[in-house]
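Dear colleague,

I am passing on to you the structure we spoke about, with the sequence alongside. Please open it first and then read the notes underneath.

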Amino acid sequence: MAAIDPSRRFLKDVKRIVIKVGTAVVTRDDGRLALGRLGALCEQLQTLNSQGFEVILVSSGAVGAGRQRLRYRKLVHSSFADLQKPQVELDGKACAAVGQNGLMALYDTLFSQLDVTSAQLLVTDNDFRSPEFRQQLTETVDSLLSYKVIPIFNENDAVSTRRAPYEDSSGIFWDNDSLAALLALELKADLLVLLSDVDGLYSGPPSDPQSKLIHTYIKEKLENTITFGDKSRLGRGGMTAKVKAAVYASQAGIPVVITSGFAGDNIVKVLQGQHIGTLFHQDAHTWVSNGELNSRDMAVAARESSRRLQAMPAKERSKILLDVADALEANEKVIVHENEADVAAAKDAGYETALVSRLAIKPGKVSSLAKAIRVLANMEEPIGQILKRTELSDGFILDKTSSPLGVLLVIFESRPDALVQIASLAIRSGNGLLLKGGKEARRSNAILHKVITSAIPESVGGGLIGLVTTRDEIPELLKLDDVIDLVIPRGSNKLVSQIKSSTKIPVLGHADGVCHVYVDKSADMEMAKNIVVDAKTDYPAACNAMETLLVHKDLMENGGVNELLIELQTKGVRIKGGPRASSALNLPAAPSFHHEYGSLACTVEIVDDVHAAIDHIHKHGRQSIFSTRNSLHIL
């Protein structure tokens, strides 16, 4: 017998079990009932029943079985002329009625051979709206279990008020997976087992050799990072529905295991505590043994992978980047889909327009990122370049050579495209990487991380780039000065200061992105207006957008300032004033000369001349732009 998984020791206290078997397990590829699998299932349930477990079965398959039988009846009673006509899809409710009869007859026959009695309970969504029904349901099931009868539940699709059995995904439950989860809670089960046509939940398509079985699902780590395939072959749900039901039940306190119904003894193995299938448990995130949330393990994995990456020839590292670019373009649709969900959630939460703008992956952005990665891949090799050579004595040469830094922890704002840029630079330069993006971009970051790491060969390891999903992990990571070599916080001064005061790891910080435009008295006003408007409105959420407009005092007299302000205001820009401008122009006072708006707003201030403008920029700015008649100067 396989070794018992320590994380499944809770199974020793399990008595009442809800088992859900899906259509793909109950039926064969041709739609007929799978007699062998159903027989093996019944034998397992008989074993559990005899061992004192209280077993409740939720079985799909009625509609699929009924469709097969009705097609046959229709064929038998059709004339040759009827067969030449376009065939109309069979009524799903009629299929459910016919199939349920045959399905239950088969269960009754199989259980009778094993000296087990079963009972049929058909329910609809509306039944559960009645407290009296719920109470009666519990009493009936308790009574049946006391007689060691196995209740078999199914949704009564034949009389369901849904538009059609497979089209309506709303209500108290919406398929047999969610029905099983609901029953597990309602009947106070100790365990829910969802039988599928695969061994459990995988990191990718089960058919992909790169996909790995996830033995323990940790919601905080894996939510929104797994891409699901198509729905079930015949049923309503598929793995997406199973995971949704499993998360719902486990968060309510019912442990869930998703495993294959094709094996003849998987239910028994689950109850023996063996390491099969995927476990969902409300305390899974606290289990250090699973390694999923261990910050040190994540950092160590990045370090080990980075060392393997550094040992690779330059061409192979470049090849990884080219594969990343191809993977991004191949997955553009799913990336955009996940990003749209983040954007919608940010809007619903009432986030500022500037943040939503930074969050959005606009049309063509994925292609642009892929193009930039290919350019990076073909650039000169950054590792091993001799930067300086000094002869210390005869035959004793000291070389200064470029080398990777090691493991980087980068904390960045809500710009998912930044994840791609940072990850690409890390791969090119041979560094390991831990990334923490803004919570607003959670889904976007998760899918981008998955796509990028899927392109990293196993010889390097996907651990090269780790994705930190919660803010709570940051304090632990900041303690790892023996593993992490540099922290790069990209955000506010407050964030940078907090990071610096919380770690012994070197920190590469920065100031606010308060960029300036200065318009001199001699400026061409048409040129100045174009520059000012473009600097503020082209991408106001970017850190290089204009935040402060400095104007020569003489422009107050000739009307130049008014022209500039009118031009900005017509583009929707809100104007704040420094001390001189707010007094002279009756503008609301700016919060500070160090304030970074990141939106359609800016500060205006009046200065005496270009030298005063430069002094102001040196004092309050990080990057600056000023305009004269003939040229544009970048400071």
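**Cavities**

By class, the lining of the largest cavity is made up of 5 nonpolar, 4 polar and 1 charged residues. The model is a predicted one, and a search of the whole structure finds 2 cavities of 30 Å³ or more in it. The largest cavity holds about 40 Å³ of space, and its lining consists of Val25, Arg37, Leu41, Gln44, Leu195, Ser260, Gly261, Ala263, Asn266 and Ile267. Two helices, α2 (35–50) and α10 (266–271), each supply at least two residues of that lining, and the largest share, 3 residues, comes from α2.

The second largest cavity contains about 30 Å³ of space, and the residues that line it are Leu328, Ile335, Ile361, Val366, Leu369 and Leu448. Its lining has 6 nonpolar residues, with no polar and no charged ones.

**The protein as a whole**

There are 23 helices and 20 strands in the protein, and buried residues make up 50% of its 635 residues. If one takes the contacts between residues at least 6 apart in sequence, 74% of them join residues that are at least 24 apart.

**A sheet of four strands**

One element you may want to display is an open sheet of 4 strands, in which the order is β13-β12-β11-β14 and the pairing is parallel. Its edge strands are β13 (465–467) and β14 (486–489), each of which pairs on one side only. On average, and with direction ignored, neighbouring strands of this sheet are turned by 15 degrees against each other. Within the sheet, strand β11 (residues 407–411) runs parallel to strand β12 (residues 432–436), and 5 bridges join the two; Leu409, for instance, has Leu434 in β12 as its bridge partner. Helix α11 (residues 295–310) packs on the sheet, where it touches β11, β12 and β13, and the direction of the helix makes about 145 degrees with that of β12.

**Strand β18 and what surrounds it**

How many of the residues of strand β18 are buried? The count is 7 of the 7 residues in the stretch 601–607, so strand β18 is largely enclosed by the rest of the structure. In a regular strand the side chains alternate between the two faces of the sheet. Both faces of β18 are covered, since the buried residues comprise Ala601, Thr603, Glu605 and Val607 on one side and Cys602, Val604 and Ile606 on the other.

Two pairings of β18 can be followed residue by residue. Strand β16 (residues 546–552) pairs with β18 in the parallel sense over 5 bridges, and there Leu550 stands opposite Glu605 of β18. Strand β17 (residues 574–577) also pairs with β18 in the parallel sense, over 4 bridges, and in this case Lys576 has Thr603 in β18 as its bridge partner.

Leu550 and Val607 come up again when one looks at Ala613, a residue of helix α23 (residues 610–620): with neighbours within four places in sequence left aside, Ala613 is in contact with Tyr518, Leu550 and Val607. Ala613 and Leu550 are 63 residues apart in sequence, yet their C-alpha atoms are 6.7 Å apart in space. Is Ala613 buried or exposed? Its relative accessibility is 1%, and because buried means under 20%, Ala613 counts as buried.

**Two backbone angles to look at**

Asp115 is not a glycine, although it has a positive phi of about 60 degrees. Asp115 lies in the loop between α5 (92–113) and β3 (118–123), and its relative accessibility of 74% is why it counts as exposed.

Lys148, likewise a residue other than glycine, has a positive phi near 60 degrees. Lys148 is found in the loop between α6 (131–146) and β4 (150–155), and at 40% relative accessibility it counts as partly exposed.

With best regards

Methods: Residues numbered from 1 in each chain as written. Predicted model: local features only at pLDDT ≥ 70, side-chain atom pairs only at ≥ 80, totals over all residues. Heavy atoms only, no water. Pairing = 2+ DSSP bridges. Axes fitted to C-alpha atoms, helices over the stretch in contact; angles between N-to-C directions. Contact = heavy atoms within 4.5 Å. Buried < 20%, exposed > 50% of the residue type's maximum accessible area, 1.4 Å probe, protein only. 1 Å grid on protein atoms, 1.4 Å probe; cavity = no way out; pocket = protein on both sides within 12 Å on 5 of 7 lines; lining within 4 Å. Points joined across faces, edges and corners; volume = space filled by probe spheres on them. Nonpolar A, V, L, I, M, F, W, Y, C, P; charged D, E, K, R; others polar.
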